[in-house]
Amino acid sequence: MSFNFPPPRPDEAPVALPQVIDRRRPRLLLSAARHGLALYRRDRDLPRLTARAQGQTPLDALTEAEARMESSRRSGGATYSFARHIELLIALLAEERLRP
């Protein structure tokens, strides 16, 4: 299985990490998330990623979910999903761009 992510456009400014994402994430994880931004569709992805969050803003729900995923990654948890973690980081980066 291969993924053909479009390369970042040269005219786009580099994606800055939101303050909510700790800089101690592996580079490969963050790089995959940055490349996946081009494939993010808010109407499709956000409801799926925040389905369990009630009464929270999307950014708060994503932040909490990503923190749980990071904790699972660091502890070597059996339920850790690299793909899910990337999806959460993509959504966090995309939602951060939409903030005023």
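In this predicted model, the side chains of Arg-44 and Asp-45 come together in a salt bridge, with 2.7 Å from N to O. That pair is one part of a wider set, since the count of salt bridges comes to ten. The points below take up some of these contacts, together with the exposure of the residues that form them.

**Contacts of Asp-45**

- Asp-45 is buried, because its relative accessibility is 7% and the cut-off for buried is under 20%.
- Its partner Arg-44 is partly exposed, with a relative accessible area of 40%, so the salt bridge between Arg-44 and Asp-45 joins a partly exposed residue to a buried one.
- Asp-45 also forms a salt bridge with Arg-48, where the closest N and O atoms are 3.3 Å apart.
- Arg-48 and Asp-45 both belong to helix H2, which covers residues 42–49, and they are three residues apart, about one turn of the helix.
- Arg-48 counts as partly exposed, at 39% relative accessibility.

**A network of shared partners**

- Arg-25, Glu-66, Glu-70, Arg-73 and Arg-74 are joined into one network by salt bridges that share partners.

**The pair Arg-41 and Asp-43**

- A salt bridge links Arg-41 with Asp-43, and the closest N and O atoms of this pair are 3.7 Å apart.
- Asp-43 is exposed, because its relative accessible area is 61% and exposed means over 50%.
- Arg-41, by contrast, counts as partly exposed, at 43% relative accessibility.

Conventions. Residues numbered from 1 in each chain as written. Predicted model: local features only at pLDDT ≥ 70, side-chain atom pairs only at ≥ 80, totals over all residues. Heavy atoms only, no water. Salt bridge = Lys/Arg side-chain N within 4 Å of Asp/Glu carboxyl O. Buried < 20%, exposed > 50% of the residue type's maximum accessible area, 1.4 Å probe, protein only. Helix = DSSP H or I, 4+ residues; strand = E, 2+ residues; numbered from the N terminus.
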